[in-house]
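The following exercises concern pockets, a ligand and backbone geometry. Please attempt each task before reading its solution.

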Amino acid sequence: MRRFAVLASGRGSNLEALLATVSSEDFPGRICVVASNKPKARALDVATEHGIPTAVLSHKGYARRRDYDADLVRLLQAYRPDWILLAGFMRVLTPTFLDAFGGRVLNIHPSLLPAFPGLNAQQQALDAGASESGCTVHLVDAGTDTGPILAQAVVPVRPDDTEETLSTRILAAEHQLYPQVLRWVAENRVHVGEGWVTVDLPPGQARILRF
Ligand code: GRF
């Protein structure tokens, strides 16, 4: 059984989608902890409601990112995770963290990377006049949303979209895509190397979903 730790700073809707998948009877893995840098993150309540252990490590008081990351590694290692899933974790991670988990760190980002990395990705897509946007699950490296891509979901951008309506459409796609990738990982279909990732896809599934 694969063990997953989830890191989240906010409302936790992706966490909810991941938990729904993990709770199905045939799922070969479990979420061993949900950790946050924000003591009041709703994601922690979501975890508690599902009976998942939670942990908080505030970033306040740390002068250097790598010192925070070293403490976060220590905290997580107590739960023996095989993979780390970022689900709205609003911090850039340093090699101190990434190396400790052998690059087995996933993130979901609300754009079709490499387009629109960083903050406010949905507004960036609108500002650029994109006709499509979506979300990306990728391996985390030391850059901002630059790691190797595992899967993407594409949604249309409509002429009358606001940041809110586009974000809602993308979020619904996120809730499909991240659990699908989680299942690939749990079923040992994802292979990670230095700067690359491959997926042995199950029959009938694809790395690009279209909505
Ligand atoms: C999502 O839009 C995700 O793509 C981004 O942060 C947001 C997290 O939302 N990385 P939630 O906390 O999962 O609802």
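**Exercise 1.** How do the residues of the lining of the second largest pocket divide into nonpolar, polar and charged?

*Solution.* This is a predicted model, in which local features need pLDDT of at least 70, side-chain atom pairs count only at pLDDT 80 or more, and totals for chains, interfaces and linings use all residues. Residues are numbered from 1 along each chain as its sequence is written, and side-chain values use heavy atoms, with hydrogens and water left out.

Step 1. A pocket is an open set of points on a 1 Å grid over the protein atoms alone, where a 1.4 Å probe fits, with protein on both sides within 12 Å along at least five of seven lines; lining residues have an atom within 4 Å of a point.

Step 2. The lining of the second largest pocket has 14 residues, and Gly103, Val140, Gly193, Glu194 and Gly195 lie nearest its centre.

Step 3. These lining residues comprise seven nonpolar, four polar and three charged; glycine is counted as polar.

**Exercise 2.** State the volume of the largest pocket and explain why it lies between domain 1 and domain 2.

*Solution.* Step 1. The volume, meaning the space filled by probe spheres set on the grid points, is about 970 Å³.

Step 2. Among the 38 lining residues, Gly88, Phe89, Met90, Ile108 and Pro110 are the closest to the centre of this pocket.

Step 3. Helix H6 (163-186) is one of the elements that give two or more residues to the lining, and H6 provides the largest share, five residues. Helices are DSSP runs (H or I) of at least four residues, and strands (E) of at least two.

Step 4. Both domain 1 (1-101) and domain 2 (107-211) contribute to the lining, so the largest pocket lies between them.

**Exercise 3.** Which atoms of asparagine 14, isoleucine 108 and glutamate 174 lie 2.8 Å from the ligand?

*Solution.* Step 1. For asparagine 14, a backbone N or O atom lies 2.8 Å from a ligand oxygen atom.

Step 2. For isoleucine 108, a backbone N or O atom lies 2.8 Å from a ligand nitrogen atom.

Step 3. For glutamate 174, a polar side-chain atom lies 2.8 Å from an oxygen atom of the ligand.

**Exercise 4.** Where does the cis peptide bond occur, and what is its omega?

*Solution.* Step 1. Most peptide bonds are trans.

Step 2. The cis bond joins leucine 113 and proline 114, with omega about 15°.

Step 3. Proline 114 belongs to the loop between S5 and H5.

Technical notes. Domains from an automatic or database assignment. Polar contact = N/O pair within 3.5 Å; in protein donor to acceptor, adjacent residues only side chain to side chain.
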